[in-house]
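Biologist: I should be grateful for a close look at a single part of this structure, namely its helix and what surrounds it. Please set out how that part is placed and what joins it to the rest of the chain.

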Amino acid sequence: QLVESGGGLVQSGGSLTVSCVGSGDEFSSYTIGWYRRAPGVGREAVACITKNGARHYEDSVKGRFTISRDNSKGTAYLQMNDLKPEDTDRYYCAADDTDEVQGMCIAGTTYHGMDYWGKGILVTVSS
């Protein structure tokens, strides 16, 4: 089970960090992905991080967002800086423990078909 938290309302140019807490003892073995989706729009990958800390970011957030994880806390984070109104979305985290998904993240793709998903949390950026 994955549970996101930390969403809310922030002004344009501001910062916000969303968290993803995983239940179970195997969190450290999972690749974690962050995604976002606005109503009526398809889901967009944001970033991924492997169990060993390799990271990949989509071009739309590169240089502004940072993905990280604390395996001792079973938590992954998405720190979002210089937020823009177009970053307004519902943000989801997902997890997958397969070598294929890990390899995809290392190679530069955040796989959309991960096994486990949170329910998402809303981030709203006002102009």
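Modeller: The account below begins at the helix and then follows its contacts outward. The model is a predicted one.

Helix H1 spans residues 99–107, and its buried residues are Val101, Gln102 and Cys105. These three cover an arc of only 100° around the axis, which means that they lie on the same side of H1. The spacing has a general background: an α-helix has 3.6 residues a turn, so residues three or four places apart point the same way. On the face turned away from the buried side, H1 carries the exposed residues Asp99, Glu100, Ile106 and Ala107. Just after the helix, Gly108 adopts a positive phi of about 105°.

The cover over the buried residues of H1 includes four strands: E4 (31–37), E5 (44–49), E6 (55–57) and E9 (89–96). Of these, E5 is mostly covered itself, with 5 of its 6 residues buried. Strand E5 pairs with E4 in the antiparallel sense over 5 bridges, and Ile32 stands opposite Ile49 of E5. The hairpin of E4 and E5 has 6 residues between the strands, and Gly40 there takes a positive phi near 80°. Strand E5 also pairs with E6, again antiparallel, over 3 bridges. In this pairing Cys48 stands opposite His56 of E6. The hairpin of E5 and E6 has 5 residues between its strands, and Gly53 in the turn has a positive phi of about 95°.

Cys48 also leads back to the helix, since Cys48 and Cys105 form a disulfide with sulfur atoms 2.1 Å apart. The torsion about their S-S bond is about 110°, so this disulfide is right-handed. The bond links distant parts of the chain, with Cys48 in strand E5 and Cys105 in helix H1, 57 residues apart. Both ends are covered: Cys48 counts as buried at 0% relative accessibility, and Cys105 is buried with a relative accessible area of 1%.

The structure as a whole contains 2 disulfides. The other one joins Cys20 and Cys93, whose sulfur atoms are 2.1 Å apart. Its torsion is about 70°, so the bond between Cys20 and Cys93 is right-handed. Cys20 lies in strand E3 (residues 16–22) and Cys93 in strand E9, so the pair ties together parts that are 73 residues apart in sequence. Cys20 is buried at 0% relative accessible area, and Cys93 is buried at 0%. Counting bonded cysteines along the chain, the disulfides follow the pattern 1-3, 2-4.

Charged pairs also connect the strands that cover the helix. In one salt bridge the side chains of Glu44 and Arg36 meet at 2.9 Å, N to O. Glu44 is partly exposed, with a relative accessible area of 30%, whereas Arg36 counts as buried at 4% relative accessibility. Arg36 forms another salt bridge with Asp87, the closest N and O atoms being 2.9 Å apart. Asp87 lies in the loop between strand E8 (75–80) and E9, and Arg36 in strand E4, so this pair ties together parts that are 51 residues apart in sequence. Asp87 and Arg36 are both buried. Elsewhere, Asp59 and Lys62 meet in a salt bridge of 3.2 Å, N to O. Salt bridges that share partners join Arg36, Glu44, Arg64, Asp87 and Asp89 into one network.

Technical notes. Residues are numbered from 1 along each chain as its sequence is written. Side-chain values use heavy atoms; hydrogens and water are left out. Buried means under 20% relative accessible area, exposed over 50%, partly exposed in between (1.4 Å probe, protein chains only). Helices (H or I, at least four residues) and strands (E, at least two) are DSSP runs, numbered from the N terminus. The arc is that of the directions from the helix axis to the C-beta atoms. Contact means heavy atoms within 4.5 Å. Two strands pair if DSSP finds at least two bridges between them. A salt bridge is a side-chain nitrogen of Lys or Arg within 4 Å of a carboxyl oxygen of Asp or Glu. A disulfide is a pair of cysteine sulfur atoms within 2.5 Å.
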